[in-house]
Amino acid sequence: MEDRPKLCGSCGKTKSPLRCPCKSVFYCSTECQKACWRTHRCECTVWLSKQLDKDRQQLGPDHPDVAQAALKLGGLYRDHDNLEDAETHFAEALRVARLFLGDNHPVVAECAGNLGNVYRWQGKLDKALETHTAAMGAQQNARQGDTLELAKKLEKSCTRRDSSRSRWRSTQRRTPCGRGCSARTTCWSPTASPTPHTP
């Protein structure tokens with residue numbers, strides 16, 4: 001990371017002397033830094049870390065927004081090869097996600113998978129295996145739960161449709177058409193599809 005070219009993150013000028021405290025981008029001047037700040041602050045680990053500290057104080061350490069922010073920040077640290085901080089934030093995101101969503105949820109599987117990758121890159125193979133196993137189990141159970149829920153919804157929908165169709169047919173058979181037919185005839189109502197009259 002230290003050998004990267006010092007290109008200005010705003011105008012692209014080479015040999016830019018200024019550098020953001022997050023060490024991920026250079027600038028040739030304070031003007032370029034200010035012009036680029038609105039975009040860069042969404043990826044600046046220093047800025048996002050301060051915002052995460054505020055969220056912990058205002059919302060509490062177990063709030064879902066804290067987990068979401070920690071997950072994003074962990075991904076940025078990972079991309080910057082800062083595996084120690086990435087591990088800390090992925091672990092925090094996983095803890096809070098499990099607290100609110102349980103063990104079998106796609107978000108929990110995502111957090112566990114990211115943490116497992118960091119463990120693997122750090123050489124912590126035992127932790128990596130344990131965490132990846134948990135991630136795979138969460139993903140599989142989440143899919144099974146979604147499939148079961150979908151099956152229940154389809155079954156309920158089909159039952160409702162069949163019941164509605166049965167009532168409609170019963171009404172059509174028993175309602176006189178107004179043409180002198182009795183309710184026990186096979187004549188359908190005038191608005192229904194044409195059927196031979198049997199007065």
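Which residues does Cys 111 touch, not counting those up to four places away in sequence? Keep that one in mind, everyone, and hello. I'd like to walk you through this protein, and please remember as we go that we are looking at a predicted model.

Let me start with the overall layout. The protein has six helices and two strands. If you read from the N terminus, the order of elements is β-β-α-α-α-α-α-α, so to speak the strands come up and then the helices follow. Of its 199 residues, 29% count as buried. And if you take the contacts between residues at least 6 apart in sequence, 35% of them join residues at least 24 apart.

Now, back to Cys 111. Its partners, with residues up to four places away in sequence set aside, are Leu 71, Ala 93, Leu 94 and Ala 97. Cys 111 also belongs to the largest nonpolar core, which has 21 residues. Together with Phe 90 and Leu 94, Cys 111 is among those with the most contacts inside that core. Where do the core residues come from? At least two are supplied by each of α2, at 45–59, α3, at 64–79, α4, α5 and α6, at 125–174. There is another core apart from this one, with eight residues, including Val 25, Tyr 27, Cys 32 and Cys 36. As a general point, in soluble globular proteins nonpolar side chains tend to be buried together.

Next, let's see how the helices pack. We describe two packed helices by the angle between their axes and the distance between the axes. Take α4, residues 83–101, and α5, residues 106–121: their axes come within 9 Å and cross at roughly 155 degrees. An angle over 145 degrees counts as roughly antiparallel, and therefore α4 and α5 are roughly antiparallel to each other. The crossing of α4 past α5 is left-handed.

Who meets whom there? On the α4 side the residues include Phe 90, Ala 93, Leu 94 and Ala 97, and on the α5 side they include Val 108, Cys 111, Leu 115 and Trp 121. Sorted by class, this contact has 16 nonpolar, one polar and two charged residues.

Now turn to the pair α3 and α4. These helices pack with their axes 8 Å apart, at an angle of about 155 degrees. By the reasoning we just used, α3 and α4 are therefore roughly antiparallel to each other. Their crossing is left-handed. Among the residues that meet are Leu 71, Gly 74 and Tyr 77 in α3, and Phe 90, Ala 93 and Phe 100 in α4. Here the classes come to 13 nonpolar, three polar and three charged residues.

Let me finish with a few individual residues to find on your screens.

First up, is Ser 16 buried or exposed? Ser 16 is buried, because its relative accessible area is 1%, under the 20% cut-off. You'll find Ser 16 in the segment before β1, which is 18–19. Beyond residues up to four places away in sequence, Ser 16 touches Lys 6, Leu 7, Cys 8, Phe 26, Tyr 27 and Cys 28.

Then there are two residues with a backbone detail to look at. Lys 23 sits in the loop between β1 and β2, the latter being 26–27. Its phi is near 65 degrees, a positive value in a residue other than glycine. With a relative accessible area of 48%, Lys 23 is partly exposed. Asp 81 is in the loop between α3 and α4, and Asp 81 has a positive phi of about 65 degrees although it is not a glycine. Asp 81 is exposed, at 61% relative accessible area.

Two more, both in helices. Lys 54 is in α2 and is partly exposed, at 44% relative accessibility. Lys 54 and Val 66 are twelve residues apart in sequence, and their C-alpha atoms are 9.6 Å apart. Arg 120 is in α5 and is partly exposed too, with a relative accessible area of 42%. From Arg 120 to Thr 131, eleven residues along the chain, the C-alpha separation is 9.9 Å. Outside its neighbours within four places in sequence, Arg 120 contacts Leu 125, Ala 128 and His 132.

That's my tour. Thank you for listening!

Notes
Residues are numbered from 1 along each chain as its sequence is written. This is a predicted model: local features need pLDDT of at least 70, side-chain atom pairs count only at pLDDT 80 or more; totals for chains, interfaces and linings use all residues. Side-chain values use heavy atoms; hydrogens and water are left out. Axes are lines fitted to C-alpha atoms, for helices over the stretch in contact, and angles run from 0 to 180 degrees between N-to-C directions. Helices (H or I, at least four residues) and strands (E, at least two) are DSSP runs, numbered from the N terminus. Angles under 35 degrees count as roughly parallel, over 145 as roughly antiparallel, 65 to 115 as roughly perpendicular and the rest as oblique. A crossing is left-handed if the near helix is turned anticlockwise from the far one by less than a right angle, and right-handed if clockwise. Contact means heavy atoms within 4.5 Å. Ala, Val, Leu, Ile, Met, Phe, Trp, Tyr, Cys and Pro count as nonpolar, Asp, Glu, Lys and Arg as charged, and the others, Gly among them, as polar. A nonpolar core is a set of buried Ala, Val, Leu, Ile, Met, Phe, Trp, Tyr and Cys residues joined through side-chain atoms within 4.5 Å. Buried means under 20% relative accessible area, exposed over 50%, partly exposed in between (1.4 Å probe, protein chains only).
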